[in-house]
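Q: I have a structure open and would like to learn how to read it. Could you take me through a few features, one at a time?

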Amino acid sequence: MTPFTHKKTPTKIRLMASAATVVFAACMPVHGALAQDQDNANVVVEEVVVTGSRIRRTDLEAPSPVTVVSAVDLVESGETDISELLRNVPALNSTLTASQSALTADSPNGVGQLDLRGLGVDRTLVLVNGRRHVSGVQGSAAVDVSTIPLALIESIETVTGAGATVYGSDAVSGVVNFNLKDDFEGVDYRGQFSISDNGDAENYFAALTLGSNFADDRGNAVISIEYARQESIVAQDRDFAFPGLASLIPNSPEVAAAFGLNPDADNVFVPNVTLPISSPFGTIALFGSAFGATVGGPDFDGPNIGGVPTIGGVPIAQVIDETGTLRPFDFGVFSDGFNASGGDGIGTTFPTEVLIPDIERVVVNANTNYKVNSYVTAFLETKFAFTSTLDSDGVNGFNDDIPIAADNAFIPAALQAQIDDLTAQGFSPEIVISRDQIDDLVRPETESDRYTFRAVGGLRGELDNGWRWEASFNYGRTEVNETFINTRIEDRFFAGVDAVVDPDTGNIVCRSDLDPTAVPPVSPFPTAREGFLTFDPGDGQCAPINIFGLNQISAEGAAFAFIPVEDNEELEQRIIQVLIDGDSPSYFELPAGPVAFSAGFEYREEESEFSPSDFETAGLIFNSVTTAVSPVEGDFDVTEFYGEVAIPLVRDVFLVESLSLEGSARYSDYSTVGSVFTWAVGASWQVTDDIRFRGAFNRSVRAPNVFELFSPNQPIFLDADADPCNPQNINAGSEFRASNCAALGLSPDFNSTDFVSAFITGQGGGNPDLTEETSDTYTIGLVYTPSYVPGLNVTVDYYNIRIEDAIDQIDAVTLVENCVDAPSIENSFCPLIERDATFGFITGFTSGQTNIAALETEGVDFSADYSFDLESLVGSPDYGNMSLQVSGLYLINNDDFPFQDFPDQIDTNLGELNFPEWIVNFVARWQRENYGLTYTMRFEDSQLLDTVENEEIAGNPLFADPLTTGSGFVHDISAFYNVNENLTLRVSVNNIGDREPFLSSLIRPIGPIGRTFVFNVSGNF
């Protein structure tokens, strides 16, 4: 393996030496006023650092909109998965949650990743106390937020489109900053248990935080320990997940009639979708191909048994069902060879498929600070997190037409009787079996153990003129060990299937034990390397494997051919940072007030390494037989200088209580893409005490990460019926699709499923020629705090984000669709696709990372909160206090511009699943003395069903039936009682109405758990 290394060592050494000089100088004793005592914080409005800027101010003065989730919100939600809570923030509704990682293809097991504005996790910068955090995903900048300690969270701030000049690359769509508690004294405890009203999905959480001052209150130390456990649920635990989960398949008269759907629709959503060309029982054929016997569907015209054609009185497709009975194959409600509902075909969802994985997590934080003298404080923040996740995928390999020898020891008596009868009739039967492997003993499971360590140490202080400074070193490391339990080793599997009776002992053994030269035949699809590659034939290891019927594999056969293999990931981050901020009164002051500023230097190194198992790199396991999985290793470093200034322009004149202008800039020198420059300007206009306008423009730049640049080609797959030129898809794309398919030489009746079985294998990986992407973000907003309605705050903010040369992972479906949806096949995507020269079906493709033309999103955030004493309404103080809050998002557009060659071609996402036009949250809190009640409602506007896109229905209004999800409401309620000053009891019911996910989705508008009861006890001493 050749590492991809990009270093500028001489520059690095010089800059690190310069940073050390600055740190040393900042530590020298100086005279100045100390910061305000915390004891006065309840009577004085304290200036703070608001996310998106390092200039200290109150949060309402920031030029960019900031959304805040408080510690109270966290406790009331009952969530122990912080990513699940933040997904309810409208701007973060595309977030990939840890608890639902089993349902999200782009989310590693047990990892929570924040996705702001639906622009991708790599464009959302996650900070802790205003500092970067090591990634939790190899090759990426995405932080695993589930490792952030819940008990220490003070607040979570989200700002859109601002932050690249202040914090560096990756803040393209915005910044999410976790502010943790500081200088804690005493004991804080929390225990929580939740359970669904189905009696499952138990969740346990316990946290203990201890803090104390020392050295005559010059120092403080705090340690926090958390434990969380989420119990799993599987598809068969929820009827809407199995068999009720609906999927999109091509329509047929039989399907439309069976489910009462529109017979004129090209495609339909039906439950319990199955793939007829294979079966968990094993589809048995005695003539030709088991795949060929089922792909054509049932035949009711000729001689048949149960709708299955026969030869010599024997059905051409049979199964041995769960009772051990040999019977004709059941096609279910048949659509085509690759789609049906029910029957004996393999399901797209499996009874034991994990919906919510087993997750166990331990997080330990230990922080301390010590005031060296009146002007210098040393600090250290450390964290260790361990997360273990267990997931299961359902299918453990599949094959078309596995050859079975005539003397195979496991041939059932009923099947042998058919063979003998056919032979007597003059036929020459040969056994083949098409099968998906889901036997209980070989169920594939993935155990992911993740270790995260982070330490931030440094010095901070205040100068004589009130300026504050900080110098720090930030180190983070993530290690991931993934064990793939019951990984199918191909040569062992086929050797075990080739089982015979030992004539000397009468025992069933592998043929290779009797004849080490007897190489077993392999399936034609997916193909596997022939021969003995992982064991020596005749050495006694091989154990026979029975694939006639479900759950027939013995423990010995399972242990031989299905073994654990391990992949490893390592990520490291190192940051040197020096910051200073202050204002100008000691030197000068403008007529409207002092000028505030901040400036800084940062040097950062990122390293990422992925090491697959030797079985994968050699192409010896099922998922790597066509394309071996390769290691990934890469690193980069970046040196950055940053500055920010806030200038008051006008104060206390007619219609201008204050008007200020802000600007910031950042110079970054990457070892990968060279130097880039980002900048931002903003303004804040306080018209009166009641009205303030704010606006900002941010130019951000994101350099490609390690995975995007350096990942070697890995195997990726395209479903056989996903060809956009197929009959059900030909009218479902752009206006150019049909003519482009014809230009490729495909006939009007072309259908890829006439030639291709199950899927096509391609390759996808990194691209060292990627360039940086550049985004422009505009925000303009109104803050309204009417003095005649005390306690009311209203904000409305418009945003527009456009990313030029956006770095995008082009998946297989998008690749083949883009080829024929462009104005011409002379585009950058068609040359990446290989088609058969005679029949035109796709034989291979190369996808991966590329710079597309652009991404753009536009919308309006809004919020209103009103707090009041009920005494003002009913005239009595005994009714307590009330607060109401409405917040939401109106999405104007979310567009992709996929073609560099045709930059005006738009693929709009507005209204598709995950991109509703409206999202609205409502919270009502009531409190009286020592008890209170909170009600929460979340609303999502109707969206297109999963896999349905705007482009498809624009070209064909009858593309699918049904089309939309309908609107979704989710309701929660929470109550608390303060028993005394040391003990609070809380009970919550989440998803009161037991709302189910949308049809065809398991994650929107809510996950699969259902109504949940939460019991919480907390307190402090």
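A: Sure. One definition to begin with: a residue counts as buried when its relative accessible area is under 20%. Keep in mind, too, that this is a predicted model.

Q: Let's use that on a helix, then. Which residues of α14 are buried?

A: They are A812, L815, V816, E817, N818, C819, V820 and D821. That makes 8 of the 10 residues in α14, which runs from 812 to 821, so the helix is mostly covered. As a general idea, an α-helix has 3.6 residues a turn, so residues three or four places apart point the same way.

Q: What do the buried residues of α14 pack against?

A: Their partners are the strands β39 (714-719), β43 (807-810), β44 (833-835) and β45 (842-851), together with the helices α13 (737-743) and α16 (950-955).

Q: And what happens at the start of α14?

A: Look at D811: one of its side-chain oxygens comes to within 3.2 Å of the backbone nitrogen of V813.

Q: On to sheets. In what order do the strands of the open sheet with β3 lie?

A: The general idea is that strands of a sheet pair through backbone hydrogen bonds, either parallel or antiparallel. Here 5 strands make an open sheet, ordered β3-β6-β7-β4-β5, with mixed pairing. At the edges sit β3 (66-70) and β5 (131-132), each pairing on one side only. Now zoom in on β6 (residues 153-160) and β7 (residues 174-180): they pair in the antiparallel sense over 7 bridges. If you want a spot to look at, I156 stands opposite F178 in β7.

Q: How many aromatic pairs are there?

A: The count is 32 aromatic pairs. In general, a pair of aromatic rings is described by the distance of the centres and the angle of the planes. Try F331 and F334: their ring centres are 5.7 Å apart and the planes stand at 85°, so this pair is edge-to-face. Both of these residues, F331 and F334, are buried.

Q: What about F493 and F494?

A: With centres 5.3 Å apart and planes at 75°, the rings of F493 and F494 are edge-to-face because planes over 60 degrees apart count that way. F493 and F494 are buried as well.

Q: Which residues form an aromatic cluster with F750?

A: F755, F839 and F841 join F750 in one cluster.

Q: Last one: which ring does R117 lie over?

A: R117 lies over the face of Y799, 3.6 Å from the ring centre. Have a look at R802 too, which lies over the face of F897 at 4.7 Å from the ring centre.

Terms used. Residues numbered from 1 in each chain as written. Predicted model: local features only at pLDDT ≥ 70, side-chain atom pairs only at ≥ 80, totals over all residues. Heavy atoms only, no water. Pairing = 2+ DSSP bridges. Helix = DSSP H or I, 4+ residues; strand = E, 2+ residues; numbered from the N terminus. Phe/Tyr/Trp six-rings, centres within 6.5 Å; stacked < 30°, edge-to-face > 60°. Buried < 20%, exposed > 50% of the residue type's maximum accessible area, 1.4 Å probe, protein only. Lys NZ or Arg CZ within 6 Å of the ring centre and 35° of its normal. Contact = heavy atoms within 4.5 Å. Polar contact = N/O pair within 3.5 Å; in protein donor to acceptor, adjacent residues only side chain to side chain.
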